[in-house]
Amino acid sequence: MLKQDVMQVSQDQPIYSEAPLQLLLFIDGRPQSRQQVQRIRAYLKELEAGYSFELQIIDVGEQPYLAEHFKLVATPALVKIHPEPQQTIAGTNIIPQLKICWPRWQAAVTTFLKSQEDSQECLDEKSQVIAPKSTIHSVATSAEAIQLGDEIFRLKQEKGRLQEQLLFKDRVIAILAHDLRNPLTAAAIAIETLQSNYNPDTGEFPRLKPGLAIHLLKQARTQTRIIDRMIADLLQVGRGEDIEFPIVPQRLQLGELCLQVLEELSDRYTAKSQTVETDIPQDLPYVYADPERIRQVLVNLLDNAIKYTPVGGIITVAGLHRTTQKVQFSVGDTGPGIPEENRDRIFENLFRLQRDRGTDGYGIGLCLCQRIIRAHYGQIWVDSSPHGGAWFHFTMPVYPS
């Protein structure tokens, strides 16, 4: 008679067994399965009286990797792990299935023991018989391997996230040291000029012509807005894509907003002798969008258009009432364009084309644009401009009439 041993499998202390018939009973903590498990264990106790075997009880809640190892899809489940081949019985009718399988399992054990005896007889008297490793032990080892594999995968993911955070930190430092310097300097010069020419007694700028004073005030305001936008972009993108992107949509005239942004950026494209062509229909319907967020999109797209369009080039802004539900807005330039193989990746966080590595920028503007547009249930994409260069398009939902 074979020894029966009913116990809990422990991953910390692997079980070694020499029993030819080894069974695993997988259970769970559901109250509705308790009675079924009790009936199964009672029936196995009856079988013990006529044929001894080893039974191990495994709670899938405590050792899910063993359940994964055996690819179980339901519990309770009874698994014969030795002798091979492995066989699994699961579901609500385990006892009827076991009644059919039990004689076969007994026959399999008899065949296994007979083959072991025959093998031993063939060995030379001086040879040593090496006992096979316990099946239960190999199962525990396999489960530990699965667990280690999952842990390695998790650590690799965590390593990737940390590397991305370090890269983002390095980019932020580069921005603070370089990109913010220009707008800060321009704003400081404008403010210092106004301050040095201000007469506190009269509240006027006696040594400055009114037009120049207004220009300096506008310059200071524009540069501080640029600084604020850059910081806001960094903070927003740095929060990660899993964070919900907040928007406060309202009735918005997209064409008017675009013209305001163009006016704010006029000094930049005028300095490069660039021509701005607009094709915004007068009857373009209102959109349902967050004004500040869409301003960020327009500023980013127009800023890129000005940056990459050469001196004397053309920047195009166009609006189109595509359907009764959507408005499309487009910004084009006559710069080098976006290679077709990079037109999807260009919207990834921190992605920059190889040719742009030496230019100003930090690779988050288009990523931010995509997140804003998606938050409005719109789409954004890029293709080739009719004039050569890049042609960025995005859609916005029409404000319900």
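**Cores and salt bridges in a predicted model**

The structure I am showing holds five salt bridges, and I should say at the outset that this is a predicted model. I will go through three of those pairs and then turn to the interior.

Let me begin with helix α1, which spans residues 34-48 and contains both Glu48 and Lys45, three residues apart, or about one turn of the helix. Their side chains meet in a salt bridge, with 3.2 Å from N to O. As a general point, an α-helix has 3.6 residues a turn, so residues three or four places apart point the same way. Glu48 is partly exposed, at a relative accessible area of 23%, while Lys45, at 54%, counts as exposed.

The next pair is Asp28 and Arg30, whose closest N and O atoms are 3.0 Å apart in a salt bridge. Here Asp28 counts as buried because its relative accessibility is 15%, under the 20% cut-off, whereas Arg30, at 36%, counts as partly exposed.

In the third pair, Arg268 forms a salt bridge with Asp303, and the closest N and O atoms are 2.2 Å apart. This one links distant parts of the chain, since Arg268 sits in helix α8 (residues 266-271) and Asp303 in helix α9, 35 residues apart. Arg268 is partly exposed, with a relative accessible area of 31%, and Asp303 is buried, with 16%.

Now to the interior. Which residues have the most contacts inside the largest nonpolar core? That core has 40 residues, and the ones with the most contacts inside it are Leu254, Ile294, Leu298, Phe329 and Phe394. Among the elements that give two or more residues to this core are α7, α9, α10 and the strands β9 and β10, and the largest share, eight residues, comes from α9. Taking Phe329 as an example, and not counting residues up to four places away in sequence, its contacts include Leu254, Cys258, Leu298, Val317 and Phe394. There is also a second, separate core of 22 residues, which includes Val37, Phe53, Ile95 and Cys101.

Two of the helices deserve a closer look. In helix α7, residues 254-264, the buried residues include Leu254, Gly255, Leu257 and Cys258, and at the start of this helix a side-chain oxygen of Gln253 reaches to within 3.3 Å of the backbone nitrogen of Gly255. Helix α10, residues 365-375, has 10 of its 11 residues buried, so it is largely enclosed by the rest of the structure; those buried residues include the charged Arg371 as well as Leu366 and Ile372. After α10 comes Tyr377, whose phi is positive, near 60 degrees.

Definitions and conventions: Residues numbered from 1 in each chain as written. Predicted model: local features only at pLDDT ≥ 70, side-chain atom pairs only at ≥ 80, totals over all residues. Heavy atoms only, no water. Buried < 20%, exposed > 50% of the residue type's maximum accessible area, 1.4 Å probe, protein only. Helix = DSSP H or I, 4+ residues; strand = E, 2+ residues; numbered from the N terminus. Polar contact = N/O pair within 3.5 Å; in protein donor to acceptor, adjacent residues only side chain to side chain. Core = buried A, V, L, I, M, F, W, Y, C linked by side-chain atoms within 4.5 Å. Contact = heavy atoms within 4.5 Å. Salt bridge = Lys/Arg side-chain N within 4 Å of Asp/Glu carboxyl O.
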